[in-house]
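Dear colleague,

Please find below the structure that I am handing over to you, followed by an account of what was found in it. I would be grateful if you could read the account alongside the coordinates.

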Amino acid sequence: MRTTFWAGVVGVCLACGLSGLGCGGDDDGEKPGDAAGPAGGGGSGTASCSGLDTSALVSELSPAEVEQACRGYRRCSAEQVTVEYICLMQGVLGAEYGDDAGTSDAELQAKCSELVEGCMADPSQAEQLLEQALMEVDAKPCGQPTQCTATIAEIDACAAEMRAYARDVFPECSALTMAFYEQTDRGDTLLDGACGKLGAGCFPLFTTPPAE
């Protein structure tokens, strides 16, 4: 598959969770994207990625504070996306949509493992894809929240749940099945938690707009 295709996929991933797709774990062994991790925002004793007082109301932020918060959330996400995750993403998607796609669970798992191992053996392409995608995301203007009555703490809580969801979007190759590609839930369950408490006008503050 072409580099531009994979860069686009990475960019979409960054836009969706990104609040953070594929975040790296901490030294204490936390899984990527855990709420208590560096990008969790809302964990006990954890500073907000926004750099703002967590009790601040989004509706009362100045334009400069909105820009600061937006860039802060993006920075937290970008800093934690790893080459390992990009390789896993290529393995999982390539197993089904690449050349010689698998037609059974066993074939998918074998193809995925082959692709991941090849990617990790020469991570330069994954590094290039990640750099390109991050540059494209960073170049996007920050969204402006509208009619958002939430606090920064509430924004942090939703962003943390998005990261926790995103960390498990792609299964390990050994757990990959045909059923994975038939899933219909692509994040709707997030609205059952902290994200469901936010108005739609809050999301532009901490999510990246998708590619047009």
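**Salt bridges around Arg 71**

Arg 71 and Asp 138 form a salt bridge in which the closest N and O atoms are 3.6 Å apart. Arg 71 belongs to helix α2 and Asp 138 to helix α5 (residues 124–139), so this pair ties together parts that lie 67 residues apart in sequence. Please bear in mind that this is a predicted model.

Arg 71 also meets the side chain of Glu 67 in a salt bridge, with an N to O distance of 3.1 Å. Here the partners are four residues apart in helix α2 (residues 63–80), which means that about one helical turn separates Glu 67 from Arg 71. Side chains of opposite charge can pair when their charged atoms come close. Taken together, Glu 67, Arg 71 and Asp 138 are linked in a network of salt bridges. A search of the whole structure finds two salt bridges.

How accessible are the members of this network? Glu 67 has a relative accessible area of 33% and is partly exposed. Arg 71, at 24% relative accessibility, also counts as partly exposed. Asp 138 counts as partly exposed because its relative accessibility is 47%, and the partly exposed class lies between the limits of 20% and 50%.

**Overall fold and burial**

The secondary structure of the protein chain comes to six helices and zero strands. Read from the N terminus, the elements follow the order α-α-α-α-α-α. The protein chain has 212 residues, of which 44% count as buried.

**Disulfides**

How many disulfides does a search of the whole structure find? The search finds five. Three of these are described here, each with its location, geometry and burial.

The disulfide of Cys 70 and Cys 142 has its sulfur atoms 2.1 Å apart. This pair links distant parts of the chain, with Cys 70 in helix α2 and Cys 142 in the loop between α5 and α6 (152–166), 72 residues apart. The link is left-handed, with -90° about the S-S bond of Cys 70 and Cys 142. Both Cys 70 and Cys 142 are buried. Helix α2 therefore holds Cys 70 of this disulfide as well as Arg 71 of the salt bridge that reaches helix α5.

Cys 112 and Cys 173 form a disulfide with a sulfur to sulfur distance of 2.0 Å. Cys 112 is in helix α4 and Cys 173 in the segment after α6, so that distant parts of the chain, 61 residues apart, are linked. This link of Cys 112 and Cys 173 is left-handed, with -65° about the S-S bond. Cys 112 is buried, as is Cys 173.

A disulfide also joins Cys 158 to Cys 195, with an S to S distance of 2.0 Å. Cys 158 lies in helix α6 and Cys 195 in the segment after α6, and the pair therefore ties together parts that are 37 residues apart in sequence. With 100° about the S-S bond, the link of Cys 158 and Cys 195 is right-handed. Both Cys 158 and Cys 195 are buried.

**Charged residues at the surface**

Which residues form the negative surface patch? The patch is made up of Asp 99, Asp 100, Glu 114 and Glu 117. Among them, Asp 99 is found in the loop between α3 (83–97) and α4 (105–121). Asp 99 has a relative accessible area of 64% and is exposed.

**Glu 60 and Thr 151**

Glu 60 lies in the loop between α1 (3–16) and α2. With a relative accessible area of 61%, Glu 60 is exposed. How far apart are Glu 60 and Thr 151 in sequence and in space? They are 91 residues apart in sequence, while their C-alpha atoms are 9.5 Å apart in space.

Yours sincerely

Methods
Residues numbered from 1 in each chain as written. Predicted model: local features only at pLDDT ≥ 70, side-chain atom pairs only at ≥ 80, totals over all residues. Heavy atoms only, no water. Salt bridge = Lys/Arg side-chain N within 4 Å of Asp/Glu carboxyl O. Helix = DSSP H or I, 4+ residues; strand = E, 2+ residues; numbered from the N terminus. Buried < 20%, exposed > 50% of the residue type's maximum accessible area, 1.4 Å probe, protein only. Patch = residues over 30% accessible without salt bridge, like charges linked within 9 Å, V, L, I, M, F, W, Y side chains within 5 Å. Areas by Shrake-Rupley, 256 points an atom, 1.4 Å probe, with all protein chains shown as cover. Lys, Arg positive; Asp, Glu negative; His and termini not counted. Charge placed at Lys NZ, Arg CZ, Asp CG, Glu CD. Disulfide = S-S within 2.5 Å.
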